Amino acid sequence: MADAADEDAMPTLEESTEAERPEVREGGEKEEANSAAAAVAKLELNKKQDVYRLNLGHQETDRILDEIDGYCETVLESAGADAWMPALGLSKLMLKELGYEDMDQFEDAMGGTFEQFIKALPHLETKIQDDGSSCDGQLVLKMKPPPLVRQGFTMTIDIKTSEDLWKTLYKAPDCVISIPELEFEIGHSEKRELDAIYNHITKAMFNLAQHARQNFVGEDTKDKILETVEQLSALLDIVHPWQLVLRDPSGRSILKPLGDNVTVVYDDVSNAAGQA
């Protein structure tokens, strides 16, 4: 773990990405859209960091996450919610199953160590085993079981600093992310989506910019899309505090860490019990 001096020496999110912000108002409309899509793509980096930040912005880390989820779900279903897996054994198994040459290559894909990666995942629990078993003293993990009663909630996150953007969000398929001041939403998805808040937004920016490149998109619509991309990019610079709102009817989404800038309002329990 980096000490306070190391963290102070780290460049801020604004400093590290300032030169890479999408410029969407120069040149012709098609060139604008192409430039915006390319610029947003550059925002998603995955490299080893002094302060670990989960970044699932590319296919390889998503493949690693799917593999972890698969093993954890199997253990949860077969051995129950109290069964733990040794992290070291799982990392060695995945190293072989996913075809990496060595641990260094595996860690390059995760942007850090396996321990850092799994500890950053909000839907997993980790601890040092202390039951006198063969895993005693080792790091172990398990998947958090789904809630017995699905209680929906609305979560409001006050985004004040760049660190708030690097909170990890496990977004359930039926969860909707919104930014009220822009009347912008990231809607339902086919599967769970797990990444830093920052990357959830840059993915949406990239998708918008890609859509604006399509020939069937009218000029007025294209201008509005690119204006939204520009506005989202400005929010990532934390020019002023703003709010991100999650509306999750099933209660399966998870944010890690929470903190004083997060407010959660739960739905009526009697209604939730009827949905269980």
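The following exercises, each with a worked solution, concern two sheets, a helix and several salt bridges in a predicted model.

**Exercise 1.** Determine the strand order of the open sheet of 3 strands, and explain why one side of each edge strand is left without a neighbour.

*Solution.*
Step 1. The order is β8-β5-β10, and the pairing is antiparallel.
Step 2. The edges are formed by β8 (193-196) and β10 (254-256); each has a single partner strand, so one side of each lacks a neighbour in the sheet.
Step 3. From one strand to the next, the twist averages 10°.
Step 4. For a view of the pairing itself, consider β5 (residues 168-171), which is joined to β8 by 4 bridges. Within β8, Leu-194 is the bridge partner of Tyr-170.

**Exercise 2.** Describe the open sheet formed by 5 strands, and identify the strands at its edges.

*Solution.*
Step 1. Reading across the sheet gives β7-β6-β9-β4-β11, with antiparallel pairing.
Step 2. β7 and β11 (262-266) each have a single partner strand, so they stand at the edges with one side lacking a neighbour in the sheet.
Step 3. With direction ignored, neighbouring strands of this sheet are turned by 20° against each other on average.
Step 4. Strand β4 (residues 153-159) pairs with β9 over 7 bridges, in the antiparallel sense. One bridge partner to locate in β9 is Val-245, which belongs to Thr-156.

**Exercise 3.** State which strands helix α9 touches in each of the two sheets, and give its direction relative to one strand of each.

*Solution.*
Step 1. In the sheet β8-β5-β10, helix α9 (residues 197-212) touches β5, β8 and β10. The direction of α9 makes about 110° with that of β8.
Step 2. In the sheet β7-β6-β9-β4-β11, α9 touches β4, β6, β7 and β9. Here the direction of α9 makes about 105° with that of β7.
Step 3. Taken together, these contacts show that α9 packs on the sheet of 3 strands and on the sheet of 5 strands.

**Exercise 4.** Locate the salt bridges of Asp-66 with Lys-191 and of Asp-174 with Arg-252 along the chain, and classify the accessibility of Asp-66, Lys-191 and Arg-252.

*Solution.*
Step 1. The whole structure holds 10 salt bridges. In one of them, the side chains of Asp-66 and Lys-191 meet at 3.4 Å, N to O.
Step 2. Asp-66 lies in helix α4 (residues 59-79) and Lys-191 in the loop between β7 (184-186) and β8; the two are 125 residues apart, so the pair links distant parts of the chain.
Step 3. Asp-66 has 35% relative accessibility and therefore counts as partly exposed. Lys-191, at 38%, also counts as partly exposed.
Step 4. Between Asp-174 and Arg-252, the closest N and O atoms are 3.6 Å apart. Asp-174 is in the loop between β5 and β6 (176-179), whereas Arg-252 is in the loop between β9 (242-248) and β10, 78 residues apart.
Step 5. Arg-252 has 30% relative accessibility and counts as partly exposed.

**Exercise 5.** Decide whether each partner in the salt bridge of Lys-203 with Asp-195 is buried or partly exposed, and name the residues of the salt-bridge network.

*Solution.*
Step 1. The closest N and O atoms of Lys-203 and Asp-195 are 3.0 Å apart.
Step 2. Buried means under 20% relative accessible area. Asp-195, at 0%, therefore counts as buried, while Lys-203, at 29%, counts as partly exposed.
Step 3. Elsewhere, salt bridges that share partners join Asp-62, Asp-66, Asp-69, Lys-191 and Arg-192 into one network.

Conventions: Residues numbered from 1 in each chain as written. Predicted model: local features only at pLDDT ≥ 70, side-chain atom pairs only at ≥ 80, totals over all residues. Heavy atoms only, no water. Pairing = 2+ DSSP bridges. Axes fitted to C-alpha atoms, helices over the stretch in contact; angles between N-to-C directions. Contact = heavy atoms within 4.5 Å. Salt bridge = Lys/Arg side-chain N within 4 Å of Asp/Glu carboxyl O. Buried < 20%, exposed > 50% of the residue type's maximum accessible area, 1.4 Å probe, protein only.
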